[in-house]
Amino acid sequence: MSGWRVQIATGSGTPIYRQIVEQVRLAAATGALVAGQGVPSVRSLAEQLLINANTVAKAYGELVRDGVLESRQSLGYFVAEKRQVFSRGERLRRLRQAVDDFVQEAIFLDFTADEIQRAVEKSLTALEWCEKATEAGQ
Amino acid sequence: MKPLIWKELQENARWAAMIVLLFGGYAVSYGRFCMCDSFFAFVSFVGALFGGGLGILQIMYESRGDRLAHLLHRPLSRSRIFLAKAFAGTGLYLTAMGIPFVLFVIRVSTTHLALPFRWETLLPWLADILTGLVYYFAGILAAERQGRWFGSRGLGFSVALLCSFLVWNVSQFWHAVFVILALGGLVAVAAWGVFLTGGDNEQRMPLFAKATLAITVLIGLMVLSVEGKVIAFESIVPRDARISGKSYLLNRAGRLLVLDRSANQVAKVTELDGREIDQFSRSNHDLNTRLYLLFAPAVSGGFPKEGSYRIFGRMYIEYEHKSIPRGERWFYVAEHGRLVGFDIVLNRLLGSIGPDGFSPGEPSKKVRFEGELYFRTNGRFVVPPDCVAFTSGVYAVDFGRREITSLFIPTAGETLLWAGPLQDNTQDSANVVAVTNRSVHIVSNSTGDVIALPLAYDRGDYELLTVYQVEKPQRWVVRYEPSFHQGLAARDTLPQHFVEYSATGQEISRTTVRPFAWHEPTNYQPWFGAVTAPAEAFLLLGTIRHEFIGTSSPSGAFGTNGVCGALCSFVLGSRMNDPGDLSPLAICLVDMLYGILPHPIDLCFGISNRRILNYAAGVLLNGMLGATCCLLLARQYAYSLRQCLIWTSAGFLFGPIGVLVMLAIQHWPARLPCPACGKLRQVTHEICESCGAHQAPPPLDGTEVFESGTDTVEPAFLTKY
Amino acid sequence: MISSDEVDVASLPDPGQSVIRAHALTRYFGNKCAVNGVSFSVPRGSVCAFIGRNGAGKSTTIRMLLGLLAPTRGRSMILGHDSLELPPETRARIGYMAEGHPVYPWMRVSQYGTFQKGFYRRWNQGMFSSIIDYFAIAPRTKAGELSHGQRAGLHLAMTLASEPELLVLDEPDTGLDPAARRSLLEAMIHFTRNRERTILFSTHLLDDVERMADHVMVLDYSVLRVACSVDLFRDHVRRVLAQFSGPPPRELPDIRGLLRATAGENDLTLIVANYSGHTERLLESVGAQTVVEQPLSLEDALVAYIGRHGKKDLFSAGRVES
């Protein structure tokens, strides 16, 4: 918990709220944020990042909708248990959609199937390495 | 509102302190010696400069852009903000100018002055201080108004100058206060109105304030116009040509001659029929020596005094006499009715001289001179009298030896009107001439005998008298000229009379001559009609008509004018302390205006005179020009019928000045071509005046992104016009 | 001439939701139009950024909204009142920081506090002192001796201490050093803790817009081009990359909503507002092989709006004028 902070960058193509969503998601996925851990309140994060509280609220709203965070009355926001919001069928559908999009893009870039597979493995390894690093850090 | 007043005071206190230090020091130390015109002029000047400067400084700093926004965005209505500023400014001004005044009063009441002092002599000072307030509001008006053309900002000062002029020339103090309140109030309300709307927002000014602003601009422009015409007249017509060069001259032998100074370089002496007798150059030295040798010695009197709160003659008069020793000053003090003397060096009262002689100590409760002292005025200056003359008698006073002898006491039922010395410079002493309501008395200096010459003409018609002493053989000549109250026209047309008497007082002969007009009508005068608007002509003529053609003449071409005449006679002070006194304002105005108005003589002859007709035609033309311009402007900007009528009448009444007022007061929005019909239309109107089309919406180019609902025209919102 | 209809502006749709409404607000200075037919509404509780080039008419518009300047045409409403007839009590609820932060140079900062306090019924002296302190201003300093950033701090203190409902800031961050700017942003965020409070601010720092604004308005030389939420804006303005087989065409068809087009060797990058399939088809009709959407930062999108009428960029290659 102690090491994790949200960093936002203005002037990038990604809206700020989206940056927050992705960072929190990543942190929850890699274990930088553990389930049950509290995240800064809307106001304090806004003041910390010097952004509009609405933006934070919007980001948190999406995270709650996606099941990454949960809101407890008058206590704030906490990282939700890693549970699946979606049914297995829905999850498969989403995975298939993401894979299709990814493969299409890769083919368009004119890579072979081997090259694509190697790229995927590299990415997964990097993610594992990340998880291990955060675990070690804790 | 209080913090704003505090802030204004803090910000501007340093200017007030400066004035107190610089001016106060001067006033307190010199004021008591110098309660005269130049001192008051200095007070007026300082008051005007400080007042105007303070007004400008208070507003100018915060008159634009962000600073103005910072001032105005407060939970106070604009009126209250203005009030706070005005309150602070007025307070500062009165304090700064008032401290020297108060200090002076304290000093006067506590220290012993080697001069007579009366509280009424402070009134001009007070009036001049108060006049500064008009300059203050004029300064505010000048600083805040984003004038759309030159000069409209400064016109408040023009009104303030008019106020100064009137305050200096009216006859009563409370007249002056009235003028200050009226004109000051006018400019103040105009300044408030302009402040209310921020200077470029006239369409939202309350009607009352707008009218006041219009009147301010109007008066300001009229003052400039009149002054401009006066200056123009004085440049076009040189002084020599304005004043008739001819006058009657009685030489030492008693022959009636004419002195002609019309020519530039030479002065000629001619017979009555014009035959030239003598000629000499007009250089000052030459002329004076010649005239001295030529003229019979004379003394004149019967001029009316000018009466005003600025002339202290009614309170005390200083004497200048060769018998007054150095270090002493002698005054006639009306309160005590005696001649009071002061030692300037030792700074103490010497005593007083009355009909019973000299007695030291306080002059109160001692024998008074009966009746009023006779003295003359020259503008606002009191001319030190040559004789000690009262309505009850003439005295000879030796101030050095403090002796008094009575020279002449009129008989019962006779009142002394005036007296003066008839000095022949070849001899040491003078005879004294004393004129009563019945006769002219000449008191011989050597023998003390009195010769009485009964008045030959009615005093009502012929008040101005001159008594000449002619020789070979010694005789007296009395000249009768028409009185001032007959008006200028009468004085230039009524005959003069010379009555000759023997040395013992028997009438020898009478001569009647036609006068030479003091001012000749010029051919330029009718042209001034073309630059005078109808209302202006009416006002100016109405003001001085009385002075021009007097009370006895039939009414001139311009008839009687009720309200105008009443107001003018009020201001001119026809109700004065002494009914015989003249109003300085009247004299001043006559002096200024006679050149630019129809000549008094022309006015007498009325409408049949060609010059009057030309003048009137010029005035009408002027009015028509103004009316046309105003009408054209009104039509171009699609004024309503009522507004068209109002402005066209204003244009007619005030001529081009009316047009200028219209330009200054009214809102003149930009006019751009209408996309539908191509004609010019005002940008302030939603609907085109010619074709009724709406204003085009802003040009869209497809890149607009609006929240739904805000880009549609909302019919509930309608524009102002 | 139509006579003025004194309509109660509060009777318009959703009055409680807007703190500021403007309709066809127009202002001429002589013949020159500074503000042309501007209509918008600022919802309660929003932080609304007002963007435009120097001289576009932002300050003029703001002054008209506050009733400090009369419009040539059009009307505006602020806090439920016609701008030109704003009662003093309502004005107390609006905090306004004028551009340039004018001060009375002789007044000490502590005196400023007492001075301003006298005007308002609600005055939070603690907030005034803490903001003054925050900007490292000694209370005994005369206002004329303050730096630009400190003057901004003083104005901020004066404005916020009266606890207004609506904050109108005219270029508050211009000329501030980074620390002062940060303090300003913190103060603005602190201000919006109360969800009923609204901020309208004009700025050139698009960074601040991205951080703070949830509504945006863009004034493009007297014409209002954008008045909507930031989300809607981002949704409607897109950047696309069109690939061509050869060099891209010099002449482009009339693409509605085109803001900026930059040509590369074989491609064309376009920033388009109100992007639709129609645009894609138009591009294909002039020979584009593929049209792909690219990410677009808020800053780039806004600059595309306001940078349209300037000279060619010094550094972009072959910018195509639309």
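**Exercise 1. Two helices in chain B**

At roughly what angle do the axes of helix 6 of chain B and helix 8 of chain B cross, and within what distance do they come? Then classify the pair and describe the contact.

*Solution.* The model is predicted.

Step 1. Find the helices. Helix 6 of chain B covers residues 155-169, and helix 8 of chain B covers residues 207-236.

Step 2. Take the geometry. The two axes cross at roughly 65° and come within 8 Å.

Step 3. Classify. Angles of 65 to 115 degrees count as roughly perpendicular. Helix 6 of chain B and helix 8 of chain B are therefore roughly perpendicular to each other.

Step 4. Add the hand. The crossing of helix 6 of chain B with helix 8 of chain B is left-handed.

Step 5. List the contact. Helix 6 of chain B brings B:Leu155, B:Gly156, B:Ser158, B:Val159, B:Leu161 and B:Leu162. Facing them in helix 8 of chain B are B:Thr216, B:Val217, B:Ile219, B:Gly220, B:Leu221, B:Val223 and B:Leu224.

Step 6. Sort by class. This contact has nine nonpolar residues, four polar and no charged.

**Exercise 2. Where chain B meets chain C**

Describe the contact between chain B and chain C, then find the strands that bridge the two chains.

*Solution.*

Step 1. Count the residues. Chain B puts in 43 residues and chain C 55 residues.

Step 2. Name the elements on the chain B side. Helix 1 (2-30), helix 3 (65-72) and strand 26 (705-706) of chain B each give two or more residues. Helix 3 of chain B gives the most, with five residues.

Step 3. Sort the chain B side. It holds 19 nonpolar, 11 polar and 13 charged residues.

Step 4. Look for pairing across the chains. Strand 26 of chain B is joined by two bridges to strand 10 (residues 223-229) of chain C, and the two run parallel. B:Phe706 has C:Ala227 as its bridge partner in strand 10 of chain C.

**Exercise 3. A sheet in chain C**

Lay out the four-stranded sheet of chain C and place a helix on it.

*Solution.*

Step 1. Write the order. The strands of this open sheet run 2-1-4-5, with antiparallel pairing.

Step 2. Mark the edges. Strand 2 (32-43) and strand 5 (81-82) of chain C each pair on one side only.

Step 3. Check one pair. Strand 4 (residues 73-78) and strand 5 of chain C are antiparallel and share two bridges. C:Ile78 stands opposite C:His81 of strand 5.

Step 4. Add the helix. Helix 1 (residues 58-65) of chain C lies across strand 1 (18-29), strand 2 and strand 4 of chain C. Its direction makes about 120° with strand 1 of chain C.

**Exercise 4. Domains, and the chain A contact**

Compare the domain layout of chains A and C, then describe how chain C touches chain A.

*Solution.*

Step 1. Take chain A. Its assignment gives domain 1 (16-79) and domain 2 (88-137). Their C-alpha centres lie 25 Å apart.

Step 2. Take chain C. Here domain 1 spans 17-221 and domain 2 spans 235-320. Their C-alpha centres lie 36 Å apart.

Step 3. Describe the domain contact in chain C. Domain 1 gives nine residues and domain 2 seven residues. On the domain 1 side, strand 3 (47-52), helix 7 and strand 9 (215-220) of chain C each supply at least two residues. Helix 7 of chain C has the largest share, three residues. By class, the domain 1 side has five nonpolar, one polar and three charged residues.

Step 4. Turn to chain A. The contact takes 18 residues from chain C and 15 residues from chain A. On the chain C side, helix 6 (178-191) and helix 7 (206-212) of chain C give two or more residues. That side has seven nonpolar, two polar and nine charged residues.

Key:
Residues numbered from 1 in each chain as written. Chains lettered and ligands numbered in written order. Predicted model: local features only at pLDDT ≥ 70, side-chain atom pairs only at ≥ 80, totals over all residues. Domains from an automatic or database assignment. Pairing = 2+ DSSP bridges. Contact = placed C-beta atoms within 7 Å. Axes fitted to C-alpha atoms, helices over the stretch in contact; angles between N-to-C directions. Nonpolar A, V, L, I, M, F, W, Y, C, P; charged D, E, K, R; others polar. Parallel < 35°, antiparallel > 145°, perpendicular 65-115°, else oblique. Left-handed = near helix turned anticlockwise from the far one by under 90°.
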